[in-house]
Structures are given as structure tokens and as C-alpha cells.
Amino acid sequence: MHDRVIDATGGTPDAPGPSCPACGSGAPAEPAAPLLRVSLPSVEDLGTLAEARAAIDGLDAALAVLLEHRAAVAALVQRLKPVGGFAGRDPGREREIVDAMAEHAPSLGRDRLAAIMNAVIEAGLDAAGR
Ligand SMILES: C=C(O[C@@H]1C=C(C(=O)O)C=C[C@H]1O)C(=O)O
């Protein structure tokens, strides 16, 4: 397993990104918002089916937390926009989101990420409508 911290805001542990004030030196004792810590086991370190499935279970648990939190924030956006919900879908904004994510996940490729994010966005809009 690698001993490293990935800051998705673009920062480093020594120079945290703009929306990650609690990640580095000088951070307040208590983070301003909860932080999600996820173990990222190296694929080379996973030798058995059980180990690989346990790694997937850990990643999926983190994904579930992220997806739920993302849906809650997206629901807020629907209330703040002049036209929310499916009627207010914004393809340009969705393209920007996929483009930015593709930089973090180059091996997945933009088309796969676009399909994934289309499902994520539609699920969020559906949940917000309930
Ligand atoms: C959240 C918004 O509304 C919709 C949902 C999006 C999302 O879940 O990221 C993105 C664009 C819109 O289709 C937004 O306009 O930012």
C-alpha cells in the first residue's frame, strides 16, 4: 500500500487545496466539515479473490457516502436555480463536470465517465424530486 494522500481539490498535504482547509499544516484542530478517509489499496498488493473483493467493498462504501452527499448538494442546487429538476438540466455544466473528472481518472476515459456521471446526475435529480 502506498503511503500517500490524494487531495482531489488539487492540493498537497503541505499545501492543501482551496476547499480542503483541514488537510495540511496550520489546519484547525477540528475540520470545518467532516472528512472522508478512504484506503486506496494497490492492485499489485491484492493477491486473492477475497482480498480483491474486500478492497471493492471498502471503495464501494466510500462511493456510497460520496454519492449520497453529492445528491444532497445537487438537490440544494435545484432549489437555488430559477428552474430546477429535470427541466433545468444543464448539458454545458455536465460536460464541464465530466471534463474535470477525466483529468482525475485518465485510464477510465471521458466516454465511460460521461456514462457514469449521466446515471449519477439522473439519480440525483430523481431523488431530489421526492
Ligand atoms: C446541479 C445542477 O443541476 C443539474 C445537475 C447536475 C449535477 O448533478 O451535477 C449538473 C447540471 C444540471 O443538469 C447544476 O445546474 O449545477
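**View 1. Packing of helix 1 against helix 3 in the predicted model.** The axes of helix 1 and helix 3 lie 9 Å apart. The packing angle is about 65 degrees. The crossing of these two helices is right-handed. Helix 1 brings Leu67, Arg70, Ala71, Ala74, Ala75 and Gln78 to the contact. Helix 3 answers with Val120, Ala123, Gly124, Ala127 and Ala128. By class, the contact residues split into 8 nonpolar, 2 polar and 1 charged.

**View 2. The shell around the ligand.** Which residues surround the ligand? They are Ala74, Val77, Lys81, Arg89, Asp90, Arg93, Glu94, Ile97, Ile121 and Gly124. Charged residues number 5 in this shell, nonpolar residues 4, and polar residues 1. Ala74 is listed here and also in the contact of helix 1 with helix 3. Gly124 is likewise part of the shell and of that helix contact.

**View 3. Helices that line the ligand.** Helix 1 spans 49-80, helix 2 spans 91-104 and helix 3 spans 110-128. Each of the three supplies at least two residues of the shell. Which helix gives the most? Helix 2 does, with 3 residues.

**View 4. Arginine 89, a shell residue in a loop.** Arginine 89 sits in the loop between helix 1 and helix 2. Is this residue buried or exposed? Arginine 89 counts as partly exposed because 13 other C-beta atoms lie within 10 Å, and the partly exposed class falls between 12 or fewer for exposed and 20 or more for buried. Proline 106 is 17 residues away from arginine 89 in sequence. In space, the C-alpha atoms of arginine 89 and proline 106 are 26 Å apart.

**View 5. Alanine 87 in the loop between helix 1 and helix 2.** Alanine 87 is exposed, because its C-beta neighbours inside 10 Å number 9 and the exposed class takes 12 or fewer. Where does leucine 125 lie relative to alanine 87? The two are 38 residues apart in sequence. Their C-alpha atoms are 10.0 Å apart in space.

**View 6. The annotated span, residues 43-130.** An unreviewed UniProt entry annotates residues 43-130 as "domain: Chorismate mutase". In the model, this span is 74% helix and 0% strand. The C-alpha atoms at its two ends lie 39 Å apart.

Note on methods
Residues numbered from 1 in each chain as written. Predicted model: local features only at pLDDT ≥ 70, side-chain atom pairs only at ≥ 80, totals over all residues. Near = placed C-beta within 6 Å. Helix = DSSP H or I, 4+ residues; strand = E, 2+ residues; numbered from the N terminus. Nonpolar A, V, L, I, M, F, W, Y, C, P; charged D, E, K, R; others polar. UniProt positions renumbered as here; feature names shortened; annotations may be inferred. Axes fitted to C-alpha atoms, helices over the stretch in contact; angles between N-to-C directions. Left-handed = near helix turned anticlockwise from the far one by under 90°. Contact = placed C-beta atoms within 7 Å.
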